[in-house]
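Work through these exercises with the model open beside you. Try each task before you read its solution.

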Amino acid sequence: MINKLSRWMHNNDNTTKGKELDRDNIPEHVAIIMDGNGRWAKRRGLPRVAGHRAGMKTVIEITRAADELGVKYLTLYAFSTENWKRPTDEVEFLMRLPGQFLMAELDELIERNVQVRMVGNEENLPSYTVQAVREAIEKTAGNTGLILNFALNYGSRAEIVNAVREIAAEVQEGRLAAGDIDENVIGRYLETSGMPDPDLLIRTSGELRLSNFMLWQMAYSELCFIGVYWPDFSRDHFYETILEYQQRSRRYGALT
Ligand code: V07
């Protein structure tokens, strides 16, 4: 019992009711596509941006939960390269959220020994967004707890294209032989270099797509899709997805 975490449920799903999380099998890296904020707002007759603001509360709550469970890496898809196609006022609002979030939450993150990181392209982001995120990265660089990794202006194919260009340049300059390119080399040129691949991907709101998120890195991830809008995603839903992860056998293809 010492390594079990008691859980409680607020749904009527008897299939997992009463089951406990195994504290010795917490996923090291959890990645989340935080989807459904706009629909959450629409359902309430609110503007889409109200959903984004509500979604920020979920970010801090799930960060706390991940920290308390001992998750080592939490990667959150906050803004994709596709999101630029949204109306300019919505994009403008979204770009202010990193600064607002950090203004409200950075002290707690520091108290929790959380290290903030970012993956994605800083170019095209407004300077106030980059400054806020950079400040948080610098202030938490020495922290040794949960790594809270925001994917901001991130796209997986663009990340792979950049890696291929850099590797090609190394080959061209004679520093690397083409035949020495392997999966480890490619991994080192991705923005997630040094991080383990996600063990668990969660996507909220019921959409069943990866949407250009960490395609290389998710080759073996357990995928968990939940039909709850991100602002409604709770600590209990998070426990539920981790329990689902623990109940699946992870065989990496070879051992089936
Ligand atoms: C954003 C809130 C969560 C739901 C998804 C869309 C809206 C937190 C951040 C953030 C990013 C970087 C950082 C600190 C916080 C954020 C954007 C949107 C663009 F260093 N939430 N959140 N960034 N939403």
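**Exercise 1. A glutamine in a helix**

Why does glutamine 246 count as buried or exposed?

*Solution.* Start with the model itself. It is predicted, so local features need pLDDT of at least 70, side-chain atom pairs count only at pLDDT 80 or more, and totals for chains, interfaces and linings use all residues. Residues are numbered from 1 along each chain as its sequence is written, and side-chain values use heavy atoms, with hydrogens and water left out.

Step 1: fix the cut-offs. Buried means under 20% relative accessible area, exposed means over 50%, and partly exposed lies in between (1.4 Å probe, protein chains only).

Step 2: apply them. Glutamine 246 counts as buried because its relative accessibility is 16%.

Step 3: place the residue. Glutamine 246 sits in helix α7, residues 235-247. Helices (H or I, at least four residues) and strands (E, at least two) are DSSP runs, numbered from the N terminus.

Step 4: find its partners. Contact means heavy atoms within 4.5 Å. Beyond its neighbours within four places in sequence, glutamine 246 contacts Glu20, Leu21, Asp22, Asn25 and Ile26. A polar atom of the glutamine 246 side chain is 2.8 Å from the backbone oxygen of aspartate 22.

**Exercise 2. An arginine in that helix**

Which side chains make polar contacts with the side chain of arginine 235?

*Solution.* Step 1: define the term. A polar contact is a pair of N or O atoms within 3.5 Å; within protein, one must be able to donate a hydrogen and the other to accept it, and residues adjacent in sequence count only if both atoms are side-chain atoms.

Step 2: search. The arginine 235 side chain makes a polar contact with the side chain of glutamate 61, at 2.9 Å. It makes another with the side chain of glutamate 68, at 2.9 Å.

Step 3: add the setting. Arginine 235 belongs to helix α7. It counts as buried because its relative accessibility is 17%. Leaving out residues up to four places away in sequence, arginine 235 touches Glu61, Ile62, Arg64, Ala65 and Glu68.

Step 4: compare sequence and space. Arginine 235 and alanine 66 are 169 residues apart along the chain, yet their C-alpha atoms are separated by 9.0 Å.

**Exercise 3. The largest pocket**

Which element gives the most residues to the lining of the largest pocket?

*Solution.* Step 1: define the space. On a 1 Å grid over the protein atoms alone, a pocket is an open set of points where a 1.4 Å probe fits, with protein on both sides within 12 Å along at least five of seven lines; lining residues have an atom within 4 Å of a point.

Step 2: read off the pocket. The largest pocket holds about 790 Å³ of space. Its lining has 35 residues, and Met34, Tyr77, Ala78, Phe79 and Asn83 lie nearest its centre.

Step 3: list the elements. Those that give two or more residues to this lining are α1 (37-43), α2 (48-69), β4 (73-80), α3 (88-111) and β6 (147-154). Helix α3 gives the most, with six residues.

**Exercise 4. Nonpolar cores**

How many residues does the largest nonpolar core have?

*Solution.* Step 1: define it. A nonpolar core is a set of buried Ala, Val, Leu, Ile, Met, Phe, Trp, Tyr and Cys residues joined through side-chain atoms within 4.5 Å.

Step 2: count. The largest core has 49 residues, and Ile32, Leu109 and Phe238 have the most contacts inside it. Its largest share, nine residues, comes from α3.

Step 3: look at one member. Not counting neighbours within four places in sequence, leucine 109 contacts Ile60, Thr63, Phe101, Leu102, Val114, Val116, Asn143 and Leu148.

**Exercise 5. Two positive phi values**

Where are asparagine 113 and serine 205 found?

*Solution.* Step 1: recall the rule. Most residues other than glycine have a negative phi.

Step 2: take asparagine 113. It is in the loop between α3 and β5 (115-119). Its phi is near 70°, a positive value. Asparagine 113 is partly exposed because its relative accessible area is 28%.

Step 3: take serine 205. It is in the loop between β7 (200-204) and β8 (222-226). Its phi is near 85°, also positive. Serine 205 is buried because its relative accessible area is 9%.

Notes. Grid points are joined across faces, edges and corners, and a volume is the space filled by probe spheres set on the points.
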